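Please open the model in your viewer and keep the selection tool at hand. The stops below can be taken in order.

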Amino acid sequence: MAETAAPEVSVVVTLFNEGATIDELYRRTVAALDHGPRAFELIFVDDGSTDGTFAELERLHRGDPRVRAVRFKRNFGQHPAMHAGLARARGDIVVTMDGDLQNAPEEIPLLVEAVEAGSDVASGRRLARKDPLGRAVPSRVINGMLRRFTGVAISDFGCAFNAYRRGVVEPMLGSIGKQKFTKALVLSGGASVTEVEVTHAPRHGASRYSPLRLTRMALHVLAGFWPQPIQWIGVALGMVCSLLAVALGVYGCVYWVDNSNFPGPLFGGVAVLFVLGIQGFILALVGEYLGRIQRDVEGRPLYAIEREL
């Protein structure tokens, strides 16, 4: 069958076990765009769901040719799924969102209008976030790191509800999916941005971002966006350890003079533990780099597709 004419807006939605919310997501998204002036398409990427998500997508596709869908052979992660959707988007403006309904589809036109007004990227900024404290605090730390490393002063890098001019996404497709922050990657290339306030609903079910996963994401930010991190950490470690050694040495000498007993084992143990902790952090960062190098050398694909509608 011949492909339909390219739409003006593509909405890319990543899904993992969202079968219970797809119908509502579809209805609300279509209602937000159907009466507007822009032709649109919906691109759903099923990241290896096990709950019948793709069966729901097949049903929607049969009833609406604007619905396109991709199913991965297994769960590859949100960011490879985002790449699959962006690579297939045909609209001049591409809206990205998760399928868990934490973001309101009714606000898609706000993002689209911000890009039409002249910005390359309309960055969603979540108001009154409904995430638990254990996720909100690490998220703020990661946001601060990304602001520092990219030089872009936006407040919410982690919000997946955004709109992009397709021309600023296409040059980055080779890196999108390998990097875990698509918005930060696009903005680091010099794209102009405006922030758009969006609502944020509580998530149904447990978050997939555990403390361990958030820590790994922080390491990913360091390896992906901080130039020469190992050199900087090495310099900082050398300076801190040198100052600590001098301070302990002076204190030990003073204590020895006053008490005729140098407390070497105590302070030596503290210094060793401190250095080992910093070395562990550096080894984790080196491991992130080695993993990236291995994936590039092996040429492994970001994902494997089982079926596409």
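The tour starts with the sheet, then moves to one strand, two crossovers and a helix.

**The sheet**

The model is predicted. Select the strands and colour them by number. They include an open sheet of eight strands with mixed pairing, in the order S7-S5-S6-S4-S1-S2-S3-S8. The edges are S7 and S8, the latter at residues 305–308, and each of the two pairs on one side only. Averaged over the sheet, neighbouring strands are turned by 20° against each other, with direction ignored.

**Strand S2**

Next, select residues 40–46, which form S2. Are the faces of this strand covered or open? Both are covered: on one side Phe40, Leu42, Phe44 and Asp46 are buried, and on the other Glu41, Ile43 and Val45 are buried. That list takes in two acidic residues, Asp46 and Glu41. In total, seven of the seven residues of S2 are buried.

**The neighbours of S2**

Add S1, residues 9–15. S1 and S2 run parallel and are joined by seven bridges. To find the register, label Val13, which stands opposite Phe44 of S2.

Now add S3, residues 67–72, which pairs with S2 in the parallel sense over five bridges. Two partners are worth labelling here: Val67 of S3 is the bridge partner of Leu42, and Ala69 of S3 is that of Phe44. Phe44 therefore makes a useful centre for the view, with Val13 opposite it in S1 and Ala69 as its partner in S3.

**The two crossovers**

Show H1, residues 22–33. Together with S1 and S2, H1 makes a right-handed β-α-β unit. H1 lies across S1, S2, S3 and S4, and runs at about 160° to S2.

H2 comes next: this helix packs on the sheet, where it touches S1, S2, S3 and S8, and its direction makes about 155° with that of S3. H2 covers residues 53–63 and makes a right-handed β-α-β unit with S2 and S3.

**Helix H4**

Finally, select residues 108–116, helix H4. Which of its residues are buried? They are Ile108, Pro109, Leu111, Val112, Ala114 and Val115. In an α-helix, residues three or four places apart point the same way, because there are 3.6 residues a turn. Show what surrounds the buried residues of H4: they pack against helix H1 and against strands S1, S4, S5, S6 and S7. End at Gly118, which follows H4 and has a positive phi, near 135°.

How values were computed. Residues numbered from 1 in each chain as written. Predicted model: local features only at pLDDT ≥ 70, side-chain atom pairs only at ≥ 80, totals over all residues. Heavy atoms only, no water. Buried < 20%, exposed > 50% of the residue type's maximum accessible area, 1.4 Å probe, protein only. Helix = DSSP H or I, 4+ residues; strand = E, 2+ residues; numbered from the N terminus. Contact = heavy atoms within 4.5 Å. Pairing = 2+ DSSP bridges. Right-handed = clockwise from strand over helix to strand, strands pointing away. Axes fitted to C-alpha atoms, helices over the stretch in contact; angles between N-to-C directions.
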